Amino acid sequence: VANVLLSNWLFGTIDYGKRNELWFIDALLASLLLTLVWASLPVVRSRWRMDPWRAAAALAVLALASRYVTLALLEGTIRGMLPSVGWLFAVGVAIGYADTGRRRALTLALAGVGAYGFFPDPARNAVIFAGLALLTVVPTLRLPRLLVPVLGLLASASLYIYLLQFQVLEQIDQPLLAT
């Protein structure tokens, strides 16, 4: 039930049980809601209007604190739950509002703090940081007109492909995958 209600991060078990393919949707929904709550606070709302990057950067700092505290206290698949991945969303919001070179650099530093040691595999952390750096440094990318519909179709299908893979792979005999 927690998975269907997109609240497994809050009510699920630390090991998620058997069905938690939607962990990232849980985390996204909760991140959106918490950002809405954050931006609705009167003091934050007025500052967001004056300087949205500062408010988003403050949210990213809070989310990074949550990430480090959570991962220091708990281990295992907690890495897919909101308290530990919310920083990705918050840093993304800050990247979206970083309108100067200095702000992009500071936001990238926040991304580096979040990516450092997030996974036991340093290469995986580097990929996360590289993706955030690319979004920060190259926010738009020009493509040949002929590629836009094909890449748009692939991008729009990627979530469904990701979600369906679990059900498809579950139906395929495991020895068949090994060949």
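Two exercises with worked solutions follow.

The model is predicted, so local features need pLDDT of at least 70 and side-chain atom pairs count only at pLDDT 80 or more, while totals for chains, interfaces and linings use all residues. Residues are numbered from 1 along each chain as its sequence is written, and side-chain values use heavy atoms, with hydrogens and water left out.

**Exercise 1.** State how many helices and strands the chain has, and what share of its residues counts as buried.

Solution.
1. Take helices (H or I, at least four residues) and strands (E, at least two) as DSSP runs, numbered from the N terminus.
2. The count is 9 helices and 0 strands.
3. Take buried as under 20% relative accessible area, exposed as over 50%, and partly exposed as in between (1.4 Å probe, protein chains only).
4. Of the 179 residues, 31% are buried.

**Exercise 2.** Find which elements give two or more residues to the nonpolar surface patch, and place Val138.

Solution.
1. Patch residues have over 30% relative accessible area and no salt bridge; nonpolar side chains (Val, Leu, Ile, Met, Phe, Trp, Tyr) are joined within 5 Å, like charges within 9 Å. A salt bridge is a side-chain nitrogen of Lys or Arg within 4 Å of a carboxyl oxygen of Asp or Glu.
2. The patch includes Leu134, Val138, Leu147 and Ile161, and its residues together have about 930 Å² of accessible area (Shrake-Rupley method, 1.4 Å probe; for residues, only the protein chains shown count as cover).
3. Helix 7 (122-137) and helix 8 (147-171) each give two or more residues; helix 8 gives the most, with 5.
4. Val138 lies in the loop between helix 7 and helix 8. Val138 is partly exposed, because its relative accessible area is 37%.
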